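Subject: Structure handover

Hello,

Here is the structure for your files. My notes on it come after the model.

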Amino acid sequence: MTWPAVVARRMARHHLSVPAASSPADVVRAMAGAHAQVLSAGETSVALRLEGATRVDVQRALWEDRTLVKTFGPRGTVHLLPTDELASWVAGLSALPRPAASVPETMRMTAEQTAQVVAAIGDALADDDLTADELGDEVVGRTGSWAGDLVMPAFQGYWPRWRQAISEAANAGVLCHGPNRGRNTTYTNPHRFAPFEPVSKDQAIGELVRRYLWSYGPATPQHFAKWLSISPVLATKAFTSLADELEEVLLDGTPAWLIRGDTDFTTESASGVRLLPYFDAYGVGSHPRERLFPGKAWDRALARGQAGNFPLLLIDGIVAGVWHQRRSGRTLTLTVEPLRDLKPGQLRQLDDQAERLGAIVDANPVLTIGAVTVGPHA
């Protein structure tokens, strides 16, 4: 298999070649989750893959239709996930080994204390959306004063001990994000709107492999390991457990894997200009990095080798620049820094992309081509 064919397949599966005429949940399913640490960027990632959609459509799916869930996903980062896949996601993520504690012993919780906090979180969120402070009061009341000890450095102050277990509670399926209350984040229990039964953890880990390969294959266990932030040894074990379901192929002479029989590749190369926001799944999950971020893109569009910290300019499915946006009232100022000269047709497509981004966020775009002076997103 050739690299251009792989790029074309991934662009098509991510609905970046042609926007989908489906739903936000189906688009997020095709992406194997949409990164939403910056929620506005996550909403844009989904909307730009849907024909005529805006951020409002994604927000409706999240907070009204509840077909999407905002929770902790791959790499322990906040993602949008399809609600009907949540049981499988939490089972798979909770089965992954936790990283060794890197905090001082005075900050840590024992396994028993963590279990108490997770149970308390699930009970406290069973009937209402709560802010972090409100949830903290409930957790401390259900466990003990130790859970409220201010031991976690955070910004210019300290967070209480119990907050170490938030992602653990999400992976246990008893916590997800609720709608913001003003500027305050809220949490809720997903069983309130989408009760689900536990799923076998072995089965769920296999499903993580299948999802990744459908969206990003052909790929190797090492690529899968980076996507989930797990050890290559564990990733190899997961691939080996599915040996009967996987098919080895050669990507320009290098072994990689697909789901057996999933060999739907086009003979046409990817084409066109795309502007992807911060942490868009296509850039974060795609490998090999040196092929997706060739030449100058390696230094300009990656931050310490990590993808997502810069919004990406894609040309024919390959990273060819970075960009930045700044909003002031109804004006959306877009600065795009290409790493090579753009042809007249590509400049017209860039104008179209700017208009599309403006429509997604309900603003009037003003496009400038020049150096991006803003650093990577932390």
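The notes below cover the nonpolar cores, one set of strands, a pocket and a loop residue.

Please keep in mind that this is a predicted model.

Cores. The largest nonpolar core has 104 residues, and the members that touch the most others are Leu80, Ile121, Leu135, Leu175, Phe224 and Phe293. Helix α9 (residues 201–216) gives this core its largest share, six residues. There is also a second, separate core of six residues, with Leu86, Ala87, Val90 and Cys176 among them.

To take one residue of the largest core, what does Leu135 touch beyond the residues up to four places away in sequence? The list is Ile121, Ala124, Leu125, Leu130, Trp162, Leu175 and Tyr187. Two of these names, Ile121 and Leu175, also appear with Leu135 among the core members that touch the most others.

Strands. Strand β12 (residues 312–315) pairs with strands on either count below. With β11 (residues 273–276), β12 runs antiparallel, and four bridges join the two. With β13 (residues 318–328), the pairing is again antiparallel, over four bridges. Leu313 of β12 takes part in both pairings: Leu275 is its bridge partner in one, and Gly321 in β13 is its partner in the other.

β12 and β13 form a hairpin with two residues between them. In that turn, Asp316 has a positive phi of about 55 degrees.

Are the side chains of β12 buried or exposed? Leu312 and Leu314 on one side are buried, as are Leu313 and Ile315 on the other, so both faces of the strand are covered. In a regular strand the side chains alternate between the two faces of the sheet.

Pocket. The second largest pocket has a volume of about 330 Å³. Its lining is made of 15 residues, and the closest to the centre are Arg75, Val284, Arg289, Gln306 and Ala307. By class, the lining of this pocket holds five nonpolar, six polar and four charged residues.

Loop residue. Val38 sits in the loop between β1 (34–35) and α3 (39–47). Where neighbours within four places in sequence are set aside, Val38 is in contact with Phe279 and His377. Val38 and His79 are 41 residues apart in sequence, while their C-alpha atoms are 9.4 Å apart in space.

Regards

How values were computed
Residues are numbered from 1 along each chain as its sequence is written. This is a predicted model: local features need pLDDT of at least 70, side-chain atom pairs count only at pLDDT 80 or more; totals for chains, interfaces and linings use all residues. Side-chain values use heavy atoms; hydrogens and water are left out. A nonpolar core is a set of buried Ala, Val, Leu, Ile, Met, Phe, Trp, Tyr and Cys residues joined through side-chain atoms within 4.5 Å. Buried means under 20% relative accessible area, exposed over 50%, partly exposed in between (1.4 Å probe, protein chains only). Contact means heavy atoms within 4.5 Å. On a 1 Å grid over the protein atoms alone, a cavity is a set of points where a 1.4 Å probe fits but cannot get out, and a pocket is an open set with protein on both sides within 12 Å along at least five of seven lines; lining residues have an atom within 4 Å of a point. Grid points are joined across faces, edges and corners, and a volume is the space filled by probe spheres set on the points. Ala, Val, Leu, Ile, Met, Phe, Trp, Tyr, Cys and Pro count as nonpolar, Asp, Glu, Lys and Arg as charged, and the others, Gly among them, as polar. Two strands pair if DSSP finds at least two bridges between them.
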